[in-house]
Amino acid sequence: MIPLSHFLIVGALLFSIGLYTVLSRKNAVLVLIGIEFMLNAAILNLVAFGMYDRMDNEGQVFAIFAIVLAAATVAVALAIIINVYSQYKTIDPDKIKDMKY
């Protein structure tokens, strides 16, 4: 059986990579991918802690809920990115200074 610390180390690495991607990239799609890395790190930790909860499997239930929320969030974010690109012809968040209604 893989110890819990290995899952936590992989989760911390995934979260760190996602945070670096969000803070360093100027492409909205890559920022979205960084956010997904961070969500996957949280989901990995939920499943790892749920592995030790043999009675209720609450970690797996929360992980499925988080996956559904992440999928819905990505759909909305991609729709926003497509609309911003059609309006401004760029997806660099720094170049978009004014948002029109």
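Helices here are DSSP runs (H or I, at least four residues), numbered from the N terminus, and the expected span of a helix is 1.5 Å times one less than its number of residues. This is a predicted model, where local features need pLDDT of at least 70 and side-chain atom pairs count only at pLDDT 80 or more, while totals for chains, interfaces and linings use all residues. Residues are numbered from 1 along each chain as its sequence is written, and side-chain values use heavy atoms, with hydrogens and water left out.

**View 1. Helix H3, end to end.** H3 has 31 residues, and its first and last C-alpha atoms are 44 Å apart, close to the 45 Å expected at 1.5 Å a residue. Its buried residues are Gly59, Ala63, Ala66, Ala70, Ala77, Ile81 and Val84; buried means under 20% relative accessible area, exposed over 50%, and partly exposed in between, with a 1.4 Å probe and protein chains only. Those buried residues pack against H2, where a contact means heavy atoms within 4.5 Å. Isoleucine 64 is in H3 too, but it counts as exposed because its relative accessibility is 56%. From isoleucine 64 to leucine 46 it's 9.7 Å, C-alpha to C-alpha, with their positions 18 residues apart in sequence.

**View 2. Helix H2 and its cap.** H2 covers residues 28-51, and its 24 residues should span 34 Å at 1.5 Å a residue; the end C-alpha atoms sit 35 Å apart, which agrees. At the N-terminal end, asparagine 27 does the capping: one of its side-chain oxygens lies 3.1 Å from the backbone nitrogen of valine 29. That's a polar contact, meaning a pair of N or O atoms within 3.5 Å; within protein, one must be able to donate a hydrogen and the other to accept it, and residues adjacent in sequence count only if both atoms are side-chain atoms. Buried residues of H2 are Ala28, Val31, Leu32, Gly34, Glu36, Met38, Ala41, Ile43, Ala48 and Gly50. What covers them includes helix H1 (4-24) and helix H3 (58-88).

**View 3. Where H2 meets H3.** The two helices pack at an angle of about 175°, with axes 9 Å apart; axes are lines fitted to C-alpha atoms, for helices over the stretch in contact, and angles run from 0 to 180 degrees between N-to-C directions. H2 and H3 are therefore roughly antiparallel to each other, a label for angles over 145 degrees (under 35 is roughly parallel, 65 to 115 roughly perpendicular, and the rest oblique). On the H2 side, the residues making the contact include Leu32, Leu39, Ile43 and Leu46, and H3 brings in, among them, Phe62, Ile67, Val74 and Leu78. By class, the contact has 17 nonpolar, three polar and one charged residues. For that tally, Ala, Val, Leu, Ile, Met, Phe, Trp, Tyr, Cys and Pro count as nonpolar, Asp, Glu, Lys and Arg as charged, and the others, Gly among them, as polar.

**View 4. Glycine 50 in H2.** Glycine 50 belongs to helix H2 and is buried, because its relative accessible area is 4%. Leaving out residues up to four places away in sequence, glycine 50 touches Asn57, Gly59 and Gln60. Threonine 90 is another story: the C-alpha atoms of glycine 50 and threonine 90 are 42 Å apart, with the two residues 40 apart in sequence.

**View 5. Threonine 21 in H1.** Threonine 21 sits in helix H1. It counts as buried because its relative accessibility is 13%. Not counting residues up to four places away in sequence, threonine 21 touches Leu30 and Gly34.

**View 6. Just past H3.** Lysine 89 follows H3, and its phi is positive, near 60°. Most residues other than glycine have a negative phi. Lysine 89 counts as exposed, because its relative accessibility is 59%. Threonine 90 is also found in the segment after H3, but it is buried, with a relative accessible area of 18%. A polar atom of the threonine 90 side chain lies 3.2 Å from the backbone nitrogen of aspartate 92. Setting aside neighbours within four places in sequence, threonine 90 is in contact with Val84, Tyr85, Lys95 and Ile96.
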